[in-house]
Amino acid sequence: MKIAISGKGGVGKTTLAALLINYFRGQGKKVLAVDADPDANLALALGIPDPGSITPLSQMKEMIAERTESQPGKMGGFFKLNPKVDDIPEKYSRQLDGIKLIVMGGVKKGGSGCICPESVLLRTLVTHLVLLRDEVVVMDMEAGIEHLGRATAKGVDRLLVVVEPGRRSVETALQVKKLADDLGLTKVAVVGNKIRTPSDQEFLAEHLKDLPILGYMPFDERIIEADLKARPPWEVSPTLVEIVNDIGQHLMAEKSP
Ligand SMILES: Nc1ncnc2c1ncn2[C@@H]1O[C@H](COP(=O)(O)OP(=O)(O)OP(=O)(O)O)[C@@H](O)[C@H]1O
Ligand SMILES: [Mg+2]
């Protein structure tokens, strides 16, 4: 099972990712959690101790140079386009109670279409995770889905786009849908979050008619508190746990009918 999560900044991508990861782990699955947001914070949401001490892969200059046979920190020059990545999940992840977390980090964007060793390594890794691993993989991404290439997109079982009641988050969802279409990724679905009133839900249903909506997570003060206290969301909100468990169950049923 390979799940990617996208959506506008602050809508609740990491919260949904953490709750889904917790669900799959509860089902006895091995879970690979991938923080693919340059502004990484999944470790914190998963309750992994001392998240500040994690070095994102994109900053592991020596490792990237060794794998891509490039010069560390140097632009240009030749390097390998198919670096070895299959041991990265074991070697460079943090592990906690059945979860392996990989933090990818951001790659500075050069000119248009920049191909640099960091981005080649991360893309190759994502392709490996999506196409060749048999764990459940949950990727917490940003609003873009640039780590996904055409071949990789085919291996994604669901791209979940988180939306909150508001036009900007709906706009972003429609843009993500378009990017996904361009990659041939048709399995896109929406999860509503921070729902306070029935009209919030109606707003989303009305503006996202063309996309299946897998569930609505209510606004819950306890999630904010958990965030402040660095506690995982499943410890504080049984309401959200129940809703996300239903979504997880739906995804599993869809995968193996
Ligand atoms: N259902 C909810 N009820 C209340 N607060 C929520 C809910 N979901 C998320 N939040 C809060 O909203 C903020 C953003 O959530 P989260 O970090 O999950 O979003 P994100 O989309 O991953 O953000 P970013 O784009 O910064 O990575 C956090 O402070 C979180 O506690
Ligand atoms: Mg996030």
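## Val162 and strand β6

Val162 is buried, at 0% relative accessibility. In this predicted model, Val162 belongs to strand β6, which covers residues 158-163. Lys8 is 154 residues away from Val162 in sequence, yet the two C-alpha atoms are 7.6 Å apart in space.

## The shell around ligand 1

Ligand 1 has 18 residues around it, and those that come nearest are Lys13, Thr14, Thr15, Asn193 and Asp220. The shell is made up of 6 nonpolar, 6 polar and 6 charged residues. Three elements each contribute at least two residues to this shell: α1 (13-26), β7 (188-195) and α9 (221-228).

Backbone atoms also approach the ligand. A polar backbone atom of Val11 is 3.2 Å from an oxygen atom of ligand 1, and a backbone N or O atom of Gly12 is 3.0 Å from an oxygen atom of the ligand. On Pro218, a backbone N or O atom lies 2.9 Å from a nitrogen atom of ligand 1. The ligand taken alone exposes 630 Å², and the protein buries 85% of that area.

## Helix α1

Helix α1, one of the elements that supply residues to the ligand shell, has 14 residues. The distance from its first C-alpha to its last is 20 Å, close to the 20 Å expected at 1.5 Å a residue. Of the 14 residues of α1, 13 are buried, so the helix is largely enclosed by the rest of the structure. Gly28 follows α1 and has a positive phi, near 80°.

## Asp220 and Ser237

Asp220, one of the residues that come nearest to ligand 1, also has a side-chain partner within the protein. The side chains of Asp220 and Ser237 make a polar contact at 2.7 Å. Ser237 is located in the loop between α9 and α10. Despite this loop position, Ser237 is buried, with a relative accessible area of 0%.

## Helix α10

Helix α10 spans residues 238-255, 18 residues in total. From first C-alpha to last, α10 reaches 25 Å, close to the 26 Å expected at 1.5 Å a residue.

Which residues of α10 are buried? They are Leu240, Val241, Val244, Ile247, Gly248, Leu251 and Met252. Viewed down the helix axis, the buried residues of α10 fall within an arc of 140°, so they line one face of the helix. An α-helix has 3.6 residues a turn, so residues three or four places apart point the same way. Pro238 and Glu242 are exposed on the other side of α10.

Val244, one of the buried residues of α10, can be set against Asn41. These two residues are 203 apart in sequence, and their C-alpha atoms are 19 Å apart in space. Asn41 lies in the loop between β2 (31-35) and α2 (42-45). Its relative accessibility is 37%, so Asn41 counts as partly exposed.

## Residues with positive phi

Most residues other than glycine have a negative phi. Two residues depart from this pattern: Asp97, with phi near 45°, and Lys194, with a positive phi of about 60°. Neither Asp97 nor Lys194 is a glycine.

Where do Asp97 and Lys194 lie? Asp97 is in the loop between β3 (94-96) and β4 (99-103), whereas Lys194 is in strand β7. Asp97 counts as exposed, at 58% relative accessibility. Lys194 is partly exposed, with a relative accessible area of 28%.

## Lys100 in strand β4

Strand β4, which follows the loop that holds Asp97, includes Lys100. Is Lys100 buried or exposed? Its relative accessibility is 14%, and with the cut-off for buried set at under 20%, Lys100 counts as buried. The side chain of Lys100 makes a polar contact with the side chain of Glu90, at 3.2 Å.

How values were computed: Residues are numbered from 1 along each chain as its sequence is written. Chains are lettered from A and ligands numbered from 1 in the order in which they are written. This is a predicted model: local features need pLDDT of at least 70, side-chain atom pairs count only at pLDDT 80 or more; totals for chains, interfaces and linings use all residues. Side-chain values use heavy atoms; hydrogens and water are left out. A residue is near a molecule or strand if one of its heavy atoms lies within 4 Å of it. A polar contact is a pair of N or O atoms within 3.5 Å; within protein, one must be able to donate a hydrogen and the other to accept it, and residues adjacent in sequence count only if both atoms are side-chain atoms. Accessible areas come from the Shrake-Rupley method with a 1.4 Å probe; for residues, only the protein chains shown count as cover. Helices (H or I, at least four residues) and strands (E, at least two) are DSSP runs, numbered from the N terminus. Ala, Val, Leu, Ile, Met, Phe, Trp, Tyr, Cys and Pro count as nonpolar, Asp, Glu, Lys and Arg as charged, and the others, Gly among them, as polar. Buried means under 20% relative accessible area, exposed over 50%, partly exposed in between (1.4 Å probe, protein chains only). The expected span of a helix is 1.5 Å times one less than its number of residues. The arc is that of the directions from the helix axis to the C-beta atoms.
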